[in-house]
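Please open the model in a viewer and keep the selection panel at hand. The stops below proceed from one selection to the next.

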Amino acid sequence: MSPLNVDPTPFGDPTHRAAERLRCASRVTVVTGAGVSAASGVPTFRGEDGLWCNFRVEELATAEAFARDPRLVWEWYEWRRNTIAACAPNRAHEVVAQWSHRYPKFTLITQNVDGLHERADTANVVRFHGSIWELSCWERCAASPTRWRDETVPFPALPPRCLDCGGLARPGVVWFGEAIDADVLERSFATLDCDVCLVVGTSGVVYPAAGLADEARRRGAFAIEINPEPTEATQRFDLAIPGKAEVVLDELERMLAAK
């Protein structure tokens, strides 16, 4: 024990500072990216596993790519669906789920389409980029719902078809070059009037998601970034904690539980 029984942990330790902010908060908004699901085995887009059959996501996740070769795009999504189906939520998902039931006003805005937050029983989830487990009609036929859920793995035939018109179905996700759904944007921005905004496991380069923390901070929130490496947005946060999502969130939860 140090002299005068003083806790030797530096007061400036970023994890302790984040825990103190969370301990006093009632309105918490968490924004998550691919880094949260990495420990579950879900491949990330921009890491070493970001390639599939020599294609990058930017070459496949576009309306133009689908129009050119829908089967190729669906082969990639089929591979992703098969991979994700075998994954389980990790400690990062579990901690976020616990917080979602603890804080009076909590929202999770996730850029991930894998559904692992929902499988971890997270409440009040806003799926910013849609869900890989939903489909929509490529032709936008009048009879078809905007999106429908389909967890079939694998599909009996590729590409899958619209339930109503029989035309091509597409993944119910937001592709590069497409606008975020207006209702999703409205819900997301409404949650930025918060005490603490945590951005976890995201590169901070894809807009408009990358601007959410900036807006929260403008409204008075304390903004925290959790990521293994600094990002282009790191300097714009009040606090940055280096580390993997599942490790840092687990440490934060242990500190909160020990109060």
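Select strand S10 (residues 222–227) and display its side chains. Phe222, Ile224 and Ile226 point to one side of S10, while Ala223, Glu225 and Asn227 point to the other, and all are buried; buried means under 20% relative accessible area, exposed over 50%, and partly exposed in between, with a 1.4 Å probe and protein chains only. In a regular strand the side chains alternate between the two faces of the sheet. Because six of the six residues of S10 are buried, S10 is largely enclosed by the rest of the structure.

This is a predicted model in which local features need pLDDT of at least 70 and side-chain atom pairs count only at pLDDT 80 or more, whereas totals for chains, interfaces and linings use all residues. Residues are numbered from 1 along each chain as its sequence is written, and side-chain values use heavy atoms, with hydrogens and water left out. Helices (H or I, at least four residues) and strands (E, at least two) are DSSP runs, numbered from the N terminus.

**The parallel sheet**

Next, add strand S9 (residues 196–200), which runs parallel to S10 and is joined to it by five bridges. Within this pair, Leu198 is placed opposite Ile224 of S10. Extend the selection to the whole open sheet: six strands in the order S5-S4-S1-S9-S10-S11, with parallel pairing; two strands pair if DSSP finds at least two bridges between them. At the edges are strand S5 (125–127) and strand S11 (239–242), each paired on one side only. From one strand to the next, the twist averages 15°.

Which strands does helix H5 (residues 91–102) touch? H5 packs on the sheet against strand S1 (27–32), strand S4 (105–110) and S9, and its direction makes about 145° with that of S4. Contact here means heavy atoms within 4.5 Å, and axes are lines fitted to C-alpha atoms, for helices over the stretch in contact, with angles from 0 to 180 degrees between N-to-C directions.

**Helix H9 and the core**

Select helix H9 (residues 245–257), which lies across S9, S10 and S11 and runs at about 135° to S10. The 13 residues of H9 should span 18 Å at 1.5 Å a residue, and the end C-alpha atoms are 18 Å apart, which agrees; the expected span is 1.5 Å times one less than the number of residues. Buried residues of H9 include Val248, Leu249, Leu252 and Leu256, and their cover includes H1, H5, S9, S10 and S11.

Now colour the largest nonpolar core, which has 29 residues. Such a core is a set of buried Ala, Val, Leu, Ile, Met, Phe, Trp, Tyr and Cys residues joined through side-chain atoms within 4.5 Å. Leu22, Trp99, Leu198, Ile224, Ile226, Leu249 and Leu252 have the most contacts inside this core. The largest share, six residues, comes from H9. Centre the view on Leu249: not counting residues up to four places away in sequence, Leu249 touches Ala92, Val95, Val96, Trp99, Val200 and Ile226. Apart from this core lies another, of 27 residues, among them Val73, Val113, Cys141 and Trp148.

**The antiparallel sheet and helix H4**

Move to the open sheet of three strands, ordered S7-S6-S8 with antiparallel pairing. Strand S7 (148–149) and strand S8 (169–173) stand at its edges with a single partner strand each, so one side of each is left without a neighbour in the sheet. Strand S6 (residues 130–137) pairs with S7 over two bridges, and Glu134 stands opposite Arg149 in S7.

Add helix H4, which lies across S6 and S8 and runs at about 140° to S6. H4 (residues 70–85) has 16 residues and reaches 22 Å from its first C-alpha to its last. Among its buried residues are Val73, Trp74, Trp76 and Tyr77, together with Glu78, Arg80 and Arg81.

**A last residue, then the whole chain**

Is His117, in helix H6 (residues 116–119), buried or exposed? His117 counts as buried, at 1% relative accessibility. Beyond residues up to four places away in sequence, it touches Thr32, Val36, His93, Val96, Leu108, Thr110 and Thr122.

Finally, select the entire protein chain, with its nine helices and 11 strands. Of its 259 residues, 50% count as buried.
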